[in-house]
Amino acid sequence: MQDHTEHAQHAGHSDHSVHEGHAGHAHHIGHADHSEGGVGWAMAARATLHCLTGCAIGEILGMVIGTALGWGNMPTMVLAIVLAFFFGYTLTLRSILKAGVDFRTAFRVALAADTLSIAVMELIDNGVIVLWPGAMDAMLSDTLFWGALAISLAVAFVVTTPVNKWMIGRGKGHAVVHQYHH
């Protein structure tokens with residue numbers, strides 16, 4: 001039979017704030033657990049909003065450039081998608097580099113963190129624009145252009161948030177980026 005004095009030593013162990021070695025982790029207070037069950041919707045929404053920001057910058061810039069130059073729908077859409085990936089990766093890369101990580105590692109982390117999120121966002125965003133009657137032919141001065149773009153980005157946000165929640169819950173996506181934010 002096990003010695004009861006060993007258990008008695010743990011009786012007052014409910015206050016875990018005094019553990020040695022945990023003092024350096026005080027900046028993690030309030031962060032959700034990255035295990036599958038502990039990822040909150042708020043964390044997933046923040047990751048998606050981060051992704052949406054880069055995608056929106058690229059999408060809008062690509063559509064403005066393509067439309068202003070009189071390009072057709074397909075080249076304009078391709079430019080918008082390329083720029084969405086570029087700005088999505090750039091925002092993540094910027095924050096990782098700011099944490100002091102070397103460029104090669106930061107670039108690989110950005111690719112791993114954002115590729116699926118940006119791809120889903122672009123698929124949904126562009127799918128809504130393609131399916132919206134008249135949206136592909138709308139000009140920059142048309143309310144339809146800006147309305148369809150805003151709604152397509154909102155739909156993309158709603159669809160991509162569960163994808164990011166799933167990825168973060170498995171230690172992928174923005175969970176990888178999160179380890180560099182201190």
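## A walk from Leu 123 to the helix 5 bend

Leu 123 is exposed, with 62% relative accessible area. This is a predicted model, and Leu 123 sits in its helix 4. Ile 81 is 42 residues away along the chain, yet the two C-alpha atoms are separated by 9.2 Å.

Helix 4 also holds Gly 127. Gly 127 has a relative accessibility of 26%, so it counts as partly exposed, since buried requires a value under 20%. Its C-alpha lies 9.4 Å from that of Ala 156, a residue 29 places away in sequence. Ala 156 is one of the buried residues of helix 5.

Now turn to the interior. The largest nonpolar core has 15 residues, and Cys 55 and Met 121 touch the most other members. Four helices each supply at least two residues of this core: helix 2 (41–68), helix 3 (73–98), helix 4 (103–131) and helix 5. Helix 2 gives the most, with five residues. Another core lies apart from this one. That second core has five residues, among them Leu 93, Val 101, Ala 106 and Val 109.

Stay with Cys 55. Its relative accessible area is 0%, so it is buried. Beyond residues up to four places away in sequence, Cys 55 touches Ala 84, Ile 118, Met 121 and Glu 122.

What of the cysteines and disulfides? The structure holds zero disulfides. Cys 51 is in none, and the nearest cysteine sulfur, that of Cys 55, is 4.0 Å away. A disulfide needs the two sulfur atoms within 2.5 Å, so this pair does not qualify. Cys 55 is likewise in no disulfide, and its nearest cysteine sulfur is that of Cys 51. Cys 51 is buried too, because its relative accessibility is 2%.

Helix 5 comes next. It runs over residues 143–169, which makes 27 residues. At 1.5 Å a residue these should span 39 Å, and the end C-alpha atoms are indeed 39 Å apart, so the two values agree. Where does helix 5 bend? The bend is at Thr 160, by about 30°. A proline, Pro 162, follows within four residues. After the helix comes Gly 171, whose phi is positive, near 75°.

Which residues of helix 5 are buried? They are Phe 145, Ala 148, Leu 149, Ser 152, Leu 153, Ala 156, Thr 160, Thr 161, Asn 164, Met 167, Ile 168 and Gly 169. Two polar residues from this list are worth following.

Thr 160 belongs to helix 5 and marks its bend. With a relative accessible area of 0%, Thr 160 is buried. Outside its neighbours within four places in sequence, Thr 160 is in contact with Thr 48, Ser 117, Val 120 and Met 121. Met 121 was met above, as a residue that, with Cys 55, touches the most other members of the largest core.

Asn 164 is also found in helix 5. Asn 164 counts as buried because its relative accessibility is 1%. Its side chain makes a polar contact with the side chain of Ser 117, at 3.1 Å. With neighbours within four places in sequence left aside, Asn 164 is in contact with Ala 44, Ala 47, Thr 48 and Ser 117. Thr 48 and Ser 117 are therefore contacts of both residues: they touch Thr 160 as well as Asn 164.

Note on methods: Residues numbered from 1 in each chain as written. Predicted model: local features only at pLDDT ≥ 70, side-chain atom pairs only at ≥ 80, totals over all residues. Heavy atoms only, no water. Expected span 1.5 Å × (residues − 1). Bend = angle between axes of the 7 residues up to and from the residue. Buried < 20%, exposed > 50% of the residue type's maximum accessible area, 1.4 Å probe, protein only. Core = buried A, V, L, I, M, F, W, Y, C linked by side-chain atoms within 4.5 Å. Contact = heavy atoms within 4.5 Å. Polar contact = N/O pair within 3.5 Å; in protein donor to acceptor, adjacent residues only side chain to side chain.
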